[in-house]
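These are my notes from a session of looking things up in one model, entry by entry. I began with charged pairs and went on to strands and sheets.

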Amino acid sequence: MITLRRSQERGHADHGWLRSYHTFSFADFHDPKHMHFRSIRVINDDIVAGGGGFGMHPHRDMEIITYVVSGALQHRDSMGNSAVMRAGDVQRISAGTGIQHSEFNHSPMEPVHLFQIWITPEKHGVAPDYAEKSFAQVETGRLHLVASKSGRDGSIAIHQDADLALARLEPGQSVEHPIRPGRHVWLQVAVGDVTLGGGEVLRSGDAAALSQEALVRVTANQSSQVLVFDLD
């Protein structure tokens, strides 16, 4: 079964300095039919204007993954971490027993485009932790494992039985991912235009949920970036 989630169906908030699109219920956007998908609780597609950002605020008991599509994002947190994340960088915060962090556009002029993802952890009360890795120079036309429970293949470890992979695709390139029995896949187009194996065209912000399927395959119609979640 394949269920499409079109970009224009998402929740939207425009705060001037922030334009945010919510795949699942978040803040003032509430959609009982889209509260989560498996362990994914939040996928926010954010564009932060130059100089704008989120001041210091708390989180707990959540795996927070940030992927920067373009621009640069300044991160600081109560664990003492400070970093400027640039296009292609992935950050994971295990909020656990509690952290505070801030995120600001590093540029006073240029916008920063990012996806912030929340994954519900399989256990609460873990020690807070931080990790970051760049995928800016990965080979196109391949799926690259970004995050996993075990941290295998050089991915960032998370506290959940969930894999997150990234593919950067040039026109005509395809990737496919076999889906094991009992597993589910969420495919998120971060930017670009791709065709799903069944012929459906997905554009920037579109997504597809796959359950009881054996394989997911996408082909790029233009330069694209897709995120593939493999979930229990």
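Entry 1, D163 and its partner. I looked up D163 first and found a relative accessibility of 11%, so D163 counts as buried. I note here that I am reading a predicted model. D163 forms a salt bridge with R152, and the closest N and O atoms of the two are 2.5 Å apart. As D163 belongs to strand β15 (residues 162-169) while R152 sits in the loop between β13 (143-148) and β14 (156-157), the pair ties together parts that are 11 residues apart in sequence. For R152 I read a relative accessibility of 36%, which places R152 in the partly exposed class. I add the general remark that side chains of opposite charge can pair when their charged atoms come close.

Entry 2, R183 and its two partners. Which residues does R183 meet in salt bridges? One is D161, with the closest N and O atoms 3.0 Å apart. R183 lies in the loop between β16 (174-178) and β17 (184-191), and D161 in the loop between β14 and β15, so this salt bridge ties together parts that are 22 residues apart in sequence. The other is D230, whose side chain meets that of R183 at 2.7 Å, N to O. D230 is part of strand β22 (residues 224-231), whereas R183 is in the loop between β16 and β17, so here the parts tied together are 47 residues apart in sequence.

I then checked the accessibility of the three residues. R183 has a relative accessible area of 7% and is buried, and D230, at 3%, is buried. D161, by contrast, has a relative accessible area of 29% and is partly exposed; the cut-off I apply is that buried means under 20%.

Entry 3, the wider tally of charged pairs. How many salt bridges does the structure hold? I find 12 in the structure. I also wrote down a network of salt bridges that links R6, E200 and D206.

Entry 4, S39 and its surroundings. I located S39 in the loop between β3 (18-22) and β4 (40-48). Is S39 buried or exposed? Its relative accessible area is 7%, so S39 is buried. I set aside the neighbours within four places in sequence and listed the contacts of S39 that remain, which are W118, I119, T120, Q160, A162 and L231.

Entry 5, strand β11. Two residues on that list led me to β11 (residues 112-119), which is mostly covered, with eight of its eight residues buried. I separated the two faces and found both covered: V112, L114, Q116 and W118 are buried on one side, and H113, F115, I117 and I119 are buried on the other. Which strands pair with β11? β4 does so in the antiparallel sense over eight bridges, and L114 of β11 is the bridge partner of D46. Strand β6 (residues 63-70) is joined to β11 by seven bridges, and these two strands run antiparallel as well. In this second pairing, I119 in β11 stands opposite E63.

Entry 6, a sheet of four strands. I traced an open sheet with the strand order β5-β10-β7-β8 and antiparallel pairing. β5 (53-59) and β8 (82-86) are at the edges with a single partner strand each, so one side of each is left without a neighbour in the sheet. From one strand to the next, the twist averages 20°. Within this sheet I followed strand β7 (residues 72-77), which is joined to β8 by five bridges in an antiparallel run, and Q74 stands opposite V84 in β8.

Entry 7, another open sheet. This sheet of four strands has the order β16-β21-β18-β19, and its pairing is antiparallel. β16 and β19 (201-203) are the edge strands, each of which pairs on one side only. With direction ignored, neighbouring strands of this sheet are turned by 25° against each other on average. I closed with the pairing of β16 and strand β21 (residues 215-220), which is antiparallel over five bridges, and with H177, whose bridge partner in β21 is V216.

Terms used
Residues are numbered from 1 along each chain as its sequence is written. This is a predicted model: local features need pLDDT of at least 70, side-chain atom pairs count only at pLDDT 80 or more; totals for chains, interfaces and linings use all residues. Side-chain values use heavy atoms; hydrogens and water are left out. Two strands pair if DSSP finds at least two bridges between them. Axes are lines fitted to C-alpha atoms, for helices over the stretch in contact, and angles run from 0 to 180 degrees between N-to-C directions. A salt bridge is a side-chain nitrogen of Lys or Arg within 4 Å of a carboxyl oxygen of Asp or Glu. Buried means under 20% relative accessible area, exposed over 50%, partly exposed in between (1.4 Å probe, protein chains only). Contact means heavy atoms within 4.5 Å.
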